[in-house]
Amino acid sequence: MTPAELSCTVARAVRRAVDEGALRVAVPERVTVERPRPGGHGDYATNAALRLAGPAGMPPRAVAEALRQRIAGTRGIERVEITGPGFLNFTLVPEGAGAVVREVLEQSARYGRGTGTGGAARPAYVPAPAQVARLGADAARWDALLGGGERLLVRREGNPLFRVQYAYARSRALLRNADDLGFRAAYEHGVEQEAAVPALVAALADHPAFVEAVEAEAVEAARTDSGAARRLARHLVAVADAFLEFHVTVLPVGEEKPSAAHRSRLALAEAAGTVLAGGLALLGISAPEHI
């Protein structure tokens, strides 16, 4: 279950509670879910009950319990807990790497995007002309989010923007190289045993939560130079770093013939590239296919 699906599940629980007379509130158009703060529980959390408590005229924990009863047992959710003053914490049913990779490749550029907000995050931040002239559009946007200044112009490992763009370009190169070798991406065999894979799969699975946060803040503030955008930029660095640790295992070496494992690794590489391209686009930064 993705964060977007979990958000819809919570919204449906609110609607059901209203229909059944347990709550008297306006059903929110969207519910924000995010990773729990340090010390929290489960995979995701929402403060929906705290936000609804005032309008409902009820204690937050009572609202949380009304929602918990209507969420518990939903397919894909292993456990729902109430913590603190009324947070709902969700533990999801674990999904293997194959499920994450297939979801990314099936949804492509739509992966992580909320329903009904289409291009909501396209009032993209535009740096000052002098900054663009000094750094270029991509580096100027990245500098506004995470800093870096002139260091962003140097194409080397210490430049996080370069690592993200290079990782995307490398993912595309792997697809071209594999095509030359006569095989294509297909997740047919698990690659979870390889050291770098868990970190990369976890980063891909986390991506929708960062995108949802950017979309939500863009709707509220009509801007993408927000805290959520900065978190998305840092997330893309994590995806790129995990991919760059993994990518050397994708293609056959020497006389080795392409196998199911190679096809699966290529699918994971393609999924990583898809996530990197989508995240960069949301930040208004280019994803070059050649570096």
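An axis here is a line fitted to C-alpha atoms, for helices over the stretch in contact, and angles run from 0 to 180 degrees between N-to-C directions. This is a predicted model, in which local features need pLDDT of at least 70, side-chain atom pairs count only at pLDDT 80 or more, and totals for chains, interfaces and linings use all residues. Residues are numbered from 1 along each chain as its sequence is written, and side-chain values use heavy atoms, without hydrogens and water.

Select residues 227-246, helix H9, and then residues 260-282, helix H10 (helices are DSSP runs of H or I, at least four residues; strands are runs of E, at least two; both are numbered from the N terminus). The two axes come within 10 Å and cross at roughly 155°. H9 and H10 are therefore roughly antiparallel (over 145 degrees). Next, show side chains: among the contacts (heavy atoms within 4.5 Å), Leu-232 and Phe-243 are on the H9 side, and Leu-268 and Val-275 on the H10 side.

Stay on H10. Of its 23 residues, 17 are buried (under 20% relative accessible area, 1.4 Å probe, protein chains only), so H10 is largely enclosed by the rest of the structure. Just after H10, pick Gly-284, which has a positive phi of about 75°.

Now move to the sheet. It is open, with three strands in the order S1-S3-S2 and antiparallel pairing (at least two DSSP bridges between two strands). Select S1 (44-46) and S2 (77-83): each stands at an edge with a single partner strand, so one side of each has no neighbour in the sheet. The twist averages 25° from one strand to the next. Add S3, residues 87-92, which pairs with S1 over three bridges. Finish at Tyr-44, opposite Phe-90 in S3.

Definitions and conventions: The expected span of a helix is 1.5 Å times one less than its number of residues. Buried means under 20% relative accessible area, exposed over 50%, partly exposed in between (1.4 Å probe, protein chains only). Angles under 35 degrees count as roughly parallel, over 145 as roughly antiparallel, 65 to 115 as roughly perpendicular and the rest as oblique.
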